[in-house]
Every structure is written in structure tokens, then in C-alpha cells.
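Trainee: Could you take a close look at one part of this structure with me? I'd like to start from a single residue and then see what lies around it.

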Amino acid sequence: MPAGQRKPVDTKKIKALLDQHKGKIQVSLAACASCSLCAESCFLYMGNNRDPHYMPSYKWISSLGTIYRKRGNVDSTFLEKTQDRIWKNCVLCMRCYCPFGIDIPGLIALARGMYRSQGFYGMYPYTAGAPEACGSYTTDESSTQEPGTAGAGTGK
Amino acid sequence: MYELARGPLMWAATVIFLAGIVYRSIQLYLLTGKKERVLYTATPVKPKDRTPEERKMDFIIAFRHSLLGTHPIMAIISTVFHTFIFIIPIFLLGHNLLIYESWGISLFSLPDGLCDTLTAIFVLIGLFFLLRRLIVPQVRIISTAYDYLVLAITVAPFLTGFFAYHQWFDYKTVIIIHMLVGELMLITIPFTKIGHMVFFFFVRILIGSEHSFWRGSRTW
């Protein structure tokens, strides 16, 4: 669906989720020393020529972390722009390593719940391209998406 | 200003530092109140009758998956940095003399020359961290002004202490700045990213993970 046709973001829902998990997000943001030592523990990072966009800490800080810092005041353009970081760039294998013990997969899962609450879903497999090929993963909202647009990934 | 920095401000910084650490510990303890039912231990139980080859292989695998195996330079430099950050201020003769003057007691002190060398190494490692943050793509992408500020707060007391020891610039001004930035670092430890001083031990001991030092069962 083109960005202009997206439903406006229900910030109340996002804020409620943020409040529910405030302590964990706040402490995790405070604890992350931005050391980037988690990078090599991600096989997608290693398999994509060490592209920093696949780094575990980047995935959750640039999505959930930014939403938290903005106190939930984000628009659909932001969610659309950042959704691939938590859907396409992560398979939640839970192998990411943080020297400070930050629960990175837990935070990415939390971010997914937040994006899902606004209709931003991951469509597996990404190689399928068009959402129609994804069977039960499509929803009323996403089934109207055009191939190759938001949520469908880039066919990697 | 010297008396203010040495007396009331030092006390205030120490109290905030200690209270902040207690606050952070309680906060983390409450946040991780949920107990995890351990179905599989984080570190697999190994059979006792392993052959020497199997033991060697297990060691190699464990080593290669450790931080020392994946990032040897970073692991060594980081360990040195974090060891020095405790050793230098605690065992510095100048600091111990101040404690002796105030309370009549003091800790064991390292030779001045050695502390001077350790401080120089510490500052150089700080420079290495700065360059790494600026140059390495995966570090730069998640670095914000806040990260640079935290690094500056951490290195500033050591850099000013080095200047003061060598009596570079105006000694009195430098020593006052040294005390103020040292107190600033103490205050910021519990409330900024330097708070990993508390988080590190907590998560490695109490929260269950394959990298735990102990079999913790608390979870988020």
C-alpha cells in the first residue's frame, strides 16, 4: 500500500506498549555502550558482507529505541522506513551476544509486536516477493499491497 | 574552589555514586523478578569420560565463541582499560595521601612512575576507542553525541590527572578541573552508559544466559 494510503498511527497503542515494557527498554538503552561487539554474533550480518544495518544493536535501537526516545510519537512513514530492520533483517534466532546481557532478541520481538499493532508485518519468505505468495501471513490490510512495496522486502 | 571540590563536592559525588548504584541494582533486581524454569542448562553438561582430544576440541570451540576468540584485540584492550580504571585511582599515591590526611588511614600505593605509565596507556586506549567509534562502520552507525560525551567523561579525569602530575599548564586550575571531572564521572556512573559497571555483574551472575558466570535463573 502506498505510504499515503496507510492508516494513521495509533500512538495510544504504541504508548501503552511502551509503558508496559518501560523498565526493560529504558535499562537496555542505558546499558548499551554502543560497543558493537554483538555484530559478529549475527549470521545475517556476517552473511551480508558485514553490513552494519544487520547489526543486532542497530536493529532494535534504530526501531524500538527511537520510538521510545520519541515517546511513541512516530508516524507511518517512520514505521514503514524502519520495519525491515526488525522483520527482514532478523530471524529471531536468539543467537545475538551482548557483553552486558541486553536481551536483544526480546527487544526485537517487542518491536515486532509494536509494529504489528500498527499493521506493519513481516512477510515470509522475503524471496517470495509478492505478499500473495505468502499465504496465511497476509492480512486484510497487507493483502492489498502491491508487489515489492512495504513489508514485502526487496526480494533478498 | 579547591576546598569546595575536595570537601563537600567530593562527599556529594560519593553519596550520589553509591546511592545510584544501590538504586540501579534494586531496579534491575525488580525488573528481572520473573524466574525462568531451566529446561536445559546454558552450558551443556559434558560427559566425564571425554578423551584428551575431545577436551581440547571443546576448549577450542568454547574459546572461538568467546569474546577473546572473536575479538582478541578488543577483548585484551578492553580488559586492560577496565582494570586500569579501578587500579589507577585507588592505588595512586596522591589520592592515598589525601585519604591519609583526612582520616589517618590509607591503602597500599603503587609507585608514581608506574601509575604515570598506566595513565598514559589508559589515555591512549581512550584515543583508540574514539578512533574506533569514528572509523569502524558498525560502531559509527550506532554512535551518537552521547557516546562521545560518555567517553570524554571517562577519560577526562585521567587526562587531567596526567597533566597535573607533570605540572603542565597552570597546576592549580588543572587540579581543580581534575577533581571536578572526577566527581562528574562518579555522579554519572549510575545514570549513564557507564552504568554497565553495575549491569555487567548483574547480568553475568543473576540472569540466565550462555555467557553467565554462574547459573542465574532470573529473566526479564
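Trainee: In which segment of chain A is Gly122(A) found?

Mentor: Gly122(A) sits in the segment after α6 of chain A. Keep in mind that we're looking at a predicted model. Is this glycine buried or exposed? Gly122(A) has 23 other C-beta atoms within 10 Å, and the cut-off for buried is 20 or more, so Gly122(A) counts as buried. Now look for Lys88(A): along the sequence, Lys88(A) and Gly122(A) are 34 residues apart, yet their C-alpha atoms are 6.8 Å apart in space.

Let's step back to the chain that holds this glycine. Chain A has six helices and zero strands, so reading along the sequence you just get α-α-α-α-α-α. Of its 156 residues, 44% count as buried. If you take the contacts in chain A between residues at least 6 apart in sequence, 64% of them join residues at least 24 apart.

Two serines in chain A deserve a stop as well. Ser34(A) lies in the loop between α2 and α3 of chain A, and Ser36(A) lies in the loop between α2 and α3 too. Most residues other than glycine have a negative phi. Ser34(A), though, has a positive phi of about 50°, and phi of Ser36(A) is near 65°, again a positive value. What about their surroundings? Ser34(A) is buried, with 22 other C-beta atoms within 10 Å, and Ser36(A) counts as buried with 25 C-beta neighbours inside 10 Å.

From there, let's go to the nonpolar core. The largest one has 50 residues, and those with the most contacts inside it are Cys38(A), Leu64(A), Ile104(A) and Ala111(A). Which elements supply at least two residues each? From chain A they are α1, α2, α4, α5 and α6, and they are joined by α2 and α11 of chain B. The largest share comes from α6(A), with seven residues. Try clicking on Leu64(A): leaving out residues up to four places away in sequence, Leu64(A) touches Ile25(A), Leu107(A), Leu110(A), Ala111(A) and Met114(A). There's also a second, separate core of nine residues, and it includes Leu92(B), Cys115(B), Val155(B) and Leu159(B).

Next, the place where the chains meet. Chain A puts 23 residues into the contact and chain B puts in 25. On the chain B side, the elements that give two or more residues are α2, α4, α8 and α11. Of these, α11(B) gives the most, with five residues. Sorted by class, the chain B side has 13 nonpolar residues, nine polar ones and three charged ones.

You've now met α2(B) and α11(B) twice, so here is how they pack against each other. Their axes are 10 Å apart, at an angle of about 35°, and the crossing is right-handed. From α2(B), the contact uses Ile21(B), Arg24(B), Ser25(B) and Leu28(B), while α11(B) brings Val198(B), Phe199(B) and Phe202(B). That contact has five nonpolar residues, one polar and one charged.

Chain B as a whole has 11 helices and two strands. From the N terminus on, its elements run α-α-β-α-α-α-α-α-α-α-α-α-β. Of its 220 residues, 21% count as buried. Among contacts in chain B between residues at least 6 apart in sequence, 59% join residues at least 24 apart.

One more helix pair in chain B is worth a look. The axes of α9(B), residues 145–165, and α10(B), residues 171–188, come within 8 Å and cross at roughly 155°. An angle over 145 degrees counts as roughly antiparallel, and that's why α9(B) and α10(B) are roughly antiparallel to each other. The crossing of α9(B) past α10(B) is left-handed. On the α9(B) side, the residues that meet α10(B) include Ile153(B), Pro157(B) and Phe163(B), and among their partners in α10(B) are Tyr171(B), Val174(B), His178(B) and Met185(B). This contact divides into 12 nonpolar residues, six polar and no charged.

Key:
Residues numbered from 1 in each chain as written. Chains lettered and ligands numbered in written order. Predicted model: local features only at pLDDT ≥ 70, side-chain atom pairs only at ≥ 80, totals over all residues. Contact = placed C-beta atoms within 7 Å. Helix = DSSP H or I, 4+ residues; strand = E, 2+ residues; numbered from the N terminus. Nonpolar A, V, L, I, M, F, W, Y, C, P; charged D, E, K, R; others polar. Axes fitted to C-alpha atoms, helices over the stretch in contact; angles between N-to-C directions. Parallel < 35°, antiparallel > 145°, perpendicular 65-115°, else oblique. Left-handed = near helix turned anticlockwise from the far one by under 90°. Core = buried A, V, L, I, M, F, W, Y, C linked by C-beta atoms within 7 Å. Buried ≥ 20, exposed ≤ 12 C-beta atoms within 10 Å, placed from the backbone.
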